[in-house]
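User: I would like a close look at one part of this model, followed by an account of how the rest of the chain is arranged.

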Amino acid sequence: METIFALATGSYRAGVAVVRVSGPAAFAAFRALTGRETVTPRQAVVSSLKDPANGALLDYSALVLAYAGPRSFTGEDTVEFNLHGGRAIIEGVLRVLGTLPGCRIAEPGEFTKRAFQNGKLDLTEAEAVADLIDAETEAQKLQALDQVGGALRRLYQSWTDTLAGLLAHQEADIEFPEDDLPQGLSQTLEPALKKLQHDIQNHLNDGRRGERLRQGIRIAIFGAPNAGKSSLMNALARRDVAIVSDEAGTTRDIIEVHLDLGGYPVILADTAGLRDTENKIEAEGIRRAAAAVQEADLKIALFDGTTKLRDAETERLVDAETLVVYTKADIAKNDSGMNISATTGEGIDALLQALTEKASAAFKTKSGPPLTRERHRRALEDAAASITRGLTAPLPELAAEDMRLALRSLGAITGRVHVEELLDKIFRDFCIGK
Ligand SMILES: Nc1nc2c(ncn2[C@@H]2O[C@H](COP(=O)(O)OP(=O)(O)OP(=O)(O)O)[C@@H](O)[C@H]2O)c(=O)[nH]1
Ligand SMILES: [Mg+2]
């Protein structure tokens, strides 16, 4: 087993940077750089660090911590060098570590991969480590914390255990049949398998709230040219992201900003004004606008409050879930719907409030931890399909085989079966040093 090392903290200049070393040669690296013979796990040591080849000073005072496997994040012997966070210091230490026997720079996610391989985490928890590092809003953080704490592992493990128990019974029925009627699933197992099927379906039908929370919900602003879409976008983003002008057809490309809406991650899109046009570029912008509206989780239709008519192009895309907003409230107000002014700020807080309520309703927890990844969704769909087949299988052996397939699908989520080919895909999304 090779020993891996990497910078575990960000790659910008900082007061402190942490270089992590994990593997059988970790303690040798401790000795080589500090010049000390004894390594006492879990005891911080302040030491200068030197290149063992020539005694050159790498850092004048570093805090070094050793962990003896399996009591470490990776489960292996691990050493953490807390260095002064300058680029040259970090690069010097990494270069010297690379010269030590059996040591090489870690691949992205490799520390967490080793933690998984050593049984420290299951795959859902390992994925949650990545989510925790990526979390930008409160709700994302809470979801990742829940998952890293094993919420999904426990749920999927309980289903795996239930199914394994049912399969054992089914196998027993095949070995020792109580009567000689050729039937598929043992009658006594059917209710339990149906209940499991129901639980998995419920979990799948959650409107993708867990996945959307990881990625951010999409909100699209649409309306006629000059309705004030880009002005609203700038007001909500609190900076000048989109060009505003009294020329109709200013915005062509879709402009996106990331916002934190009461703890929920939002991707807000400003779009081209909808109208009939001969201009090819504008027409393409309008096509993209319509597509963005279709894909949005939440829609804001803007109507110019100073014109009495609601234009047909915008009206066509308004549905029951769309928030209808009248702009330019500083000039004219409309009796129905929400009135805002990007110029004076009037009504913007009320709009933000309404959006936050819609977002929180979309993410409201029904019961239990939400599904957070497409990978889990596919495996659960496969498991559910196998169970459905098993419920109507004409022969007991076929029912058992379907249950075995379902078990394999469930196991792939937590990593208990068919793991190897999944690993690289999962850990590829990690950054180096994690
Ligand atoms: N008085 C007033 N004028 C506004 C307000 N919001 C936007 N405007 C003006 O309306 C014009 C159009 O604003 P934009 O934000 O560019 O409109 P848009 O909907 O993005 O237009 P397109 O990109 O062409 O589709 C500009 O002259 C803005 O200054 C408002 O709240 N009050
Ligand atoms: Mg615009």
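User: By class, how many nonpolar, polar and charged residues does the shell around ligand 1 have? Please take the shell around ligand 1 as the part to examine, and then set out the other elements of the chain.

Analyst: The model is predicted. By class, the shell around ligand 1 comprises 7 nonpolar, 13 polar and 4 charged residues. In total, 24 residues surround the ligand. The closest of them are Gly228, Ser230, Ser231, Thr251 and Gly273. Among the elements of the chain, helix 9, which spans residues 229-237, gives the most to this shell, with 3 residues.

The domain division provides the wider frame. The protein chain is divided into three parts: domain 1 covers 3-106, domain 2 combines 134-206 with 370-427, and domain 3 covers 213-363. Between the C-alpha centres of domain 1 and domain 3 there is a separation of 51 Å.

The sheet may be considered next. Six strands make up an open sheet with mixed pairing, in the order 3-4-5-2-1-6. Its edges are occupied by strand 3 and strand 6 (103-105); each has a single partner strand, so one side of each is left without a neighbour in the sheet. On average, and with direction ignored, neighbouring strands of this sheet are turned by 30° against each other.

At one of these edges, strand 3 (residues 45-50) pairs with strand 4 (residues 57-67) in the antiparallel sense, over 5 bridges. Individual bridges can be named: leucine 49 has aspartate 59 of strand 4 as its bridge partner, and lysine 50 has leucine 57 of strand 4. The two strands form a hairpin, with 6 residues between them. In the turn of this hairpin, glycine 55 has a positive phi of about 75°.

A helix pair completes the picture. Helix 4 (residues 123-134) packs against helix 5 (residues 138-148) at an angle of about 155°, and their axes lie 8 Å apart. Angles over 145 degrees count as roughly antiparallel, and helix 4 and helix 5 are therefore roughly antiparallel to each other. The crossing of these two helices is left-handed.

To return to the part requested, the shell around ligand 1 has 13 polar residues beside 7 nonpolar and 4 charged ones, and helix 9 gives the most to it.

Terms used:
Residues are numbered from 1 along each chain as its sequence is written. Chains are lettered from A and ligands numbered from 1 in the order in which they are written. This is a predicted model: local features need pLDDT of at least 70, side-chain atom pairs count only at pLDDT 80 or more; totals for chains, interfaces and linings use all residues. A residue is near a molecule or strand if its C-beta atom, placed from the backbone, lies within 6 Å of it. Helices (H or I, at least four residues) and strands (E, at least two) are DSSP runs, numbered from the N terminus. Ala, Val, Leu, Ile, Met, Phe, Trp, Tyr, Cys and Pro count as nonpolar, Asp, Glu, Lys and Arg as charged, and the others, Gly among them, as polar. Domain bounds come from an automatic or database domain assignment. Two strands pair if DSSP finds at least two bridges between them. Axes are lines fitted to C-alpha atoms, for helices over the stretch in contact, and angles run from 0 to 180 degrees between N-to-C directions. Angles under 35 degrees count as roughly parallel, over 145 as roughly antiparallel, 65 to 115 as roughly perpendicular and the rest as oblique. A crossing is left-handed if the near helix is turned anticlockwise from the far one by less than a right angle, and right-handed if clockwise.
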